[in-house]
Amino acid sequence: MDNTFIWPHKDILDVTQLTVEETTYLLDLAEQFHEVNTRPVKKVPTLRGKGVVLFFAEDSTRTKTSFDVAGKRLSADTFSLGKSGSSMNKGESLKDTALTLEAMNPDVIVIRHRSSGAAQF
């Protein structure tokens, strides 16, 4: 794989944003990380020192767990937040919740929300 590839995106909100070259790069990278899952110790230092907030305002066992496991295997510190554990449960708006999370300065926010376009918002 070309180690000089420069990732051009800050956010990925939809796969239609990706070019063929970017998609191929991600698939090649995924293949390399697939090998990590065959090791006795399934952890690499790729995201050491990075914070990842998993904000799932909609229930999803498989997706939430997949992102949590992936973050931990990449050595990130992951923090899970669901609607029932947030102030959205008391009526706080998505915007106010997002601003609160942003103020914590995480490196990555993964969001799942029932409203189409919530991540872009």
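**Close-up views of a predicted model**

**View 1. S93 sits at a halfway point between hidden and open.** At 32% relative accessibility, S93 counts as partly exposed, because that label covers whatever falls between under 20% (buried) and over 50% (exposed). You'll find S93 in the loop between β2 and α3. Keep in mind that this whole model is predicted. Now look for K64: how far apart are S93 and K64 in sequence and in space? They are 29 residues apart along the chain, and their C-alpha atoms are 21 Å apart.

**View 2. The whole protein, before we zoom in further.** Let's step back for a moment. The protein has three helices and three strands, and reading along the sequence gives you the pattern α-β-α-β-α-β. Its C-alpha trace spans about 45 × 35 × 25 Å along the principal axes. Of the 121 residues, 23% count as buried. Take the contacts between residues at least 6 apart in sequence: 68% of them join residues at least 24 apart. As for the outside, the accessible surface comes to about 8,800 Å², and 53% of that belongs to carbon and sulfur atoms.

**View 3. Helix α3 has a buried face.** Which residues of α3 are buried? They are L94, T97 and L101. Looking down the helix axis, these buried residues fall within an arc of 65°, so they line one face of the helix. What do they pack against? The buried residues of α3 pack against β1, β2 and β3. Over on the other side of α3, E102 and A103 are exposed. Just after the helix comes N105, which takes a positive phi of about 55°.

**View 4. The largest pocket and its lining.** Rolling a probe the size of a water molecule over the atoms shows where empty space is left. Here, the largest pocket has a volume of about 2,000 Å³. Of the 46 residues that line the pocket, I12, F67, V108, I109 and V110 are the closest to its centre. Several elements pitch in: α1 (20–36), β1 (51–56), α2 (61–73), α3 (94–103) and β3 (108–112) each supply at least two lining residues. Which of them gives the most? That's α3, with seven residues. Sort the lining by type and you get 30 nonpolar residues, nine polar and seven charged.

**View 5. S75, a buried residue in a loop.** S75 lies in the loop between α2 and β2 (77–82). Is S75 buried or exposed? At 15% relative accessibility, S75 counts as buried, because buried means under 20%. So who is it touching? Leaving aside neighbours within four places in sequence, S75 is in contact with K43, V44, P45, L47, R48 and G49.

**View 6. D59, an exposed residue in another loop.** Compare the last view with D59, whose place is in the loop between β1 and α2. At 77% relative accessibility, D59 counts as exposed, because the label applies to anything over 50%. Where does A70 come in? D59 and A70 are eleven residues apart along the chain, and their C-alpha atoms are separated by 18 Å.

Note on methods. Residues are numbered from 1 along each chain as its sequence is written. This is a predicted model: local features need pLDDT of at least 70, side-chain atom pairs count only at pLDDT 80 or more; totals for chains, interfaces and linings use all residues. Side-chain values use heavy atoms; hydrogens and water are left out. On a 1 Å grid over the protein atoms alone, a cavity is a set of points where a 1.4 Å probe fits but cannot get out, and a pocket is an open set with protein on both sides within 12 Å along at least five of seven lines; lining residues have an atom within 4 Å of a point. Grid points are joined across faces, edges and corners, and a volume is the space filled by probe spheres set on the points. Helices (H or I, at least four residues) and strands (E, at least two) are DSSP runs, numbered from the N terminus. Ala, Val, Leu, Ile, Met, Phe, Trp, Tyr, Cys and Pro count as nonpolar, Asp, Glu, Lys and Arg as charged, and the others, Gly among them, as polar. Buried means under 20% relative accessible area, exposed over 50%, partly exposed in between (1.4 Å probe, protein chains only). Contact means heavy atoms within 4.5 Å. The arc is that of the directions from the helix axis to the C-beta atoms. Accessible areas come from the Shrake-Rupley method with a 1.4 Å probe; for residues, only the protein chains shown count as cover.
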